[in-house]
Amino acid sequence: MAGLTTLPNTATAEQAIAVIDRDGGVIVENFLSPHALAGLRADLLPKLAATSAGRDAFSGMKTRRLGALFSHTRHCAEIVTHPLYLPVAEHYLRKPHEVWVGEHRYTFMPDVRIGATQAIQIGPGEPAQPLHRDDNSFMWRHPTNGREGRVQIMVALSGFTEENGGTLVIPGSHVWDEQRKPERSLAVSTVMRAGSALIFIGSTFHAGGQNRTADEYRTGLTIALDASHVRQEENMYLALAPQVVASYPEQIQRLLGWSAGSNAMGWVEIDGQMADPIHLLKGSDPGRLVAVTGQAQG
């Protein structure tokens with residue numbers, strides 16, 4: 001079976017979307033700058049080396065995992081704002097939804113949130129992970145008809161090969177219904193150099209591959225961008241201290257979930273008002289959400 005399509009980092013978001021529409025995922029060559037790749041490796045590899053392996057077959061008995069990545073490295077910001085990741089995610093996640101509120105017709109547009117972050121290091125001798133969809137957490141229905149809940153990235157911090165556990169993907173599985181079972185024979189291995197990345201949507205069947213090497217660790221970094229009307233899989237409000245979130249630019253703060261969009265998901269009460277939580281970090285006038293969204297509770 002043919003492998004996944006690889007695009008250069010000079011490709012446009014529209015070109016990446018066209019491949020994902022067809023296959024469910026695409027590889028972007030040299031996705032990371034050399035500076036970001038070196039920084040991620042320096043920040044994360046020592047911490048992964050000190051992390052215990054998993055305790056179940058799904059997470060991997062010989063696989064190390066490290067979450068809360070925005071507290072461990074500053075270089076994740078370059079990944080989530082990358083012009084070949086964030087615009088692609090916005091294309092799939094920011095679908096308009098029209099509703100009636102009384103006599104008025106409103107159009108809501110969900111924002112994008114960082115749903116999960118992990119560095120994943122598959123050790124020698126690790127069997128392949130069971131094939132799965134990452135939107136299972138949302139109990140999403142398939143086919144999605146273009147309304148996705150998640151767009152995910154797997155960035156190679158080491159080279160990915162078929163032998164060392166390169167991520168398995170079933171091309172075209174994003175259009176399958178709920179009844180079709182994923183078969184290992186249909187999966188292809190993600191092969192890419194360190195610094196390249198696989199971008200795929202939540203409805204695509206995938207898995208960590210089998211590491212058949214004797215002494216080679218396969219190290220990747222995954223971040224999920226989710227629609228703001230689904231719960232973030234990783235609890236960012238407990239994983240990241242407010243002072244850590246406050247140290248990032250506002251765009252990253254909002255992506256981490258400290259924001260309530262036009263659909264008013266995630267508001268907090270400040271001085272008796274339904275307010276955008278970003279103001280808890282900024283210490284500014286909270287403003288009212290209800291005037292914008294029409295979502296006042298009666």
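# Asking what the labels mean

Me: Why is Arg 254 called partly exposed in this predicted model?
Reply: The relative accessible area of Arg 254 is 27%. Buried would need a value under 20% and exposed a value over 50%. The 27% of Arg 254 falls in between, so partly exposed is the right label.

Me: How do you know that Arg 254 and Glu 250 form a salt bridge?
Reply: Their closest N and O atoms are 2.9 Å apart, and the cut-off is within 4 Å. The pair therefore counts. In general, side chains of opposite charge can pair when their charged atoms come close.

Me: What separates Arg 254 and Glu 250 along helix H7?
Reply: They are four residues apart in helix H7 (residues 250-255), which means a separation of about one helical turn. Glu 250 counts as partly exposed, with 32% relative accessibility.

Me: Which other residue forms a salt bridge with Arg 254, and where does it lie?
Reply: That is Asp 276, with the closest N and O atoms 3.2 Å apart. This pair links distant parts of the chain, since its two residues are 22 residues apart. Arg 254 belongs to helix H7, while Asp 276 sits in the loop between strand S14 (273-275) and helix H8 (278-282).

Me: Is Asp 276 buried or exposed, and what makes it so?
Reply: Asp 276 has 9% relative accessibility. Buried means under 20%, so Asp 276 is buried.

Me: Which residues do shared salt-bridge partners join into one network?
Reply: Arg 94, Asp 111 and Arg 113 are joined in this way. In the whole structure, the search finds 10 salt bridges.

Me: What makes Arg 105 and Glu 98 a salt bridge?
Reply: Here the closest N and O atoms are 3.4 Å apart. That is within 4 Å, so the name fits. Arg 105 is partly exposed at 43% relative accessible area, and Glu 98 is partly exposed at 47%.

Me: Let's turn to helix H1. How do you know that its buried residues line one face?
Reply: The buried residues of H1 are Ala 13, Ala 16, Ile 17, Val 19, Ile 20 and Asp 23. Seen down the helix axis, they fall within an arc of 165°, so they line one face. On the other side, Glu 14 and Arg 22 are exposed.

Me: What do the buried residues of H1 pack against?
Reply: They pack against S1, S2, H4 and S10. The helix itself (residues 13-23) lies across S1, strand S2 (25-28) and strand S10 (197-201), at about 140° to S2. After H1 comes Gly 24, with a positive phi near 95°.

Me: Why are S1 and S3 said to stand at the edges of the sheet?
Reply: The open sheet has seven strands in the order S1-S2-S10-S7-S12-S6-S3, and their pairing is mixed. Strand S1 (6-7) and strand S3 (63-66) each have a single partner strand, so one side of each is left without a neighbour in the sheet.

Me: How do you know that S6 and S12 pair?
Reply: Pairing takes at least two bridges. Strand S6 (residues 112-122) and strand S12 (residues 218-227) are joined by 10 bridges, so they pair. The two strands run antiparallel, and Ile 122 stands opposite Arg 218 in S12. Helix H4 (residues 86-93) lies across S6, strand S7 (150-156), S10 and S12, at about 40° to S12.

Me: What is notable about phi in Asn 30 and in Asp 271?
Reply: Asn 30 has a positive phi of about 50° although it is not a glycine. Asp 271, also not a glycine, has a positive phi near 55°. Asn 30 lies in the loop between S2 and helix H2 (34-49), whereas Asp 271 lies in the loop between strand S13 (268-270) and S14.

Me: Why is Asp 271 called exposed, but Asn 30 partly exposed?
Reply: Asp 271 has a relative accessible area of 72%, which is over 50%, so it is exposed. Asn 30 has 35%, which lies between the 20% and 50% limits, so it is partly exposed.

Me: Why is the peptide bond from His 142 to Pro 143 called cis?
Reply: Its omega is near 0°. Pro 143 lies in the loop between S6 and S7.

Key. Residues are numbered from 1 along each chain as its sequence is written. This is a predicted model: local features need pLDDT of at least 70, side-chain atom pairs count only at pLDDT 80 or more; totals for chains, interfaces and linings use all residues. Side-chain values use heavy atoms; hydrogens and water are left out. Contact means heavy atoms within 4.5 Å. Axes are lines fitted to C-alpha atoms, for helices over the stretch in contact, and angles run from 0 to 180 degrees between N-to-C directions. A salt bridge is a side-chain nitrogen of Lys or Arg within 4 Å of a carboxyl oxygen of Asp or Glu. Buried means under 20% relative accessible area, exposed over 50%, partly exposed in between (1.4 Å probe, protein chains only). The arc is that of the directions from the helix axis to the C-beta atoms.
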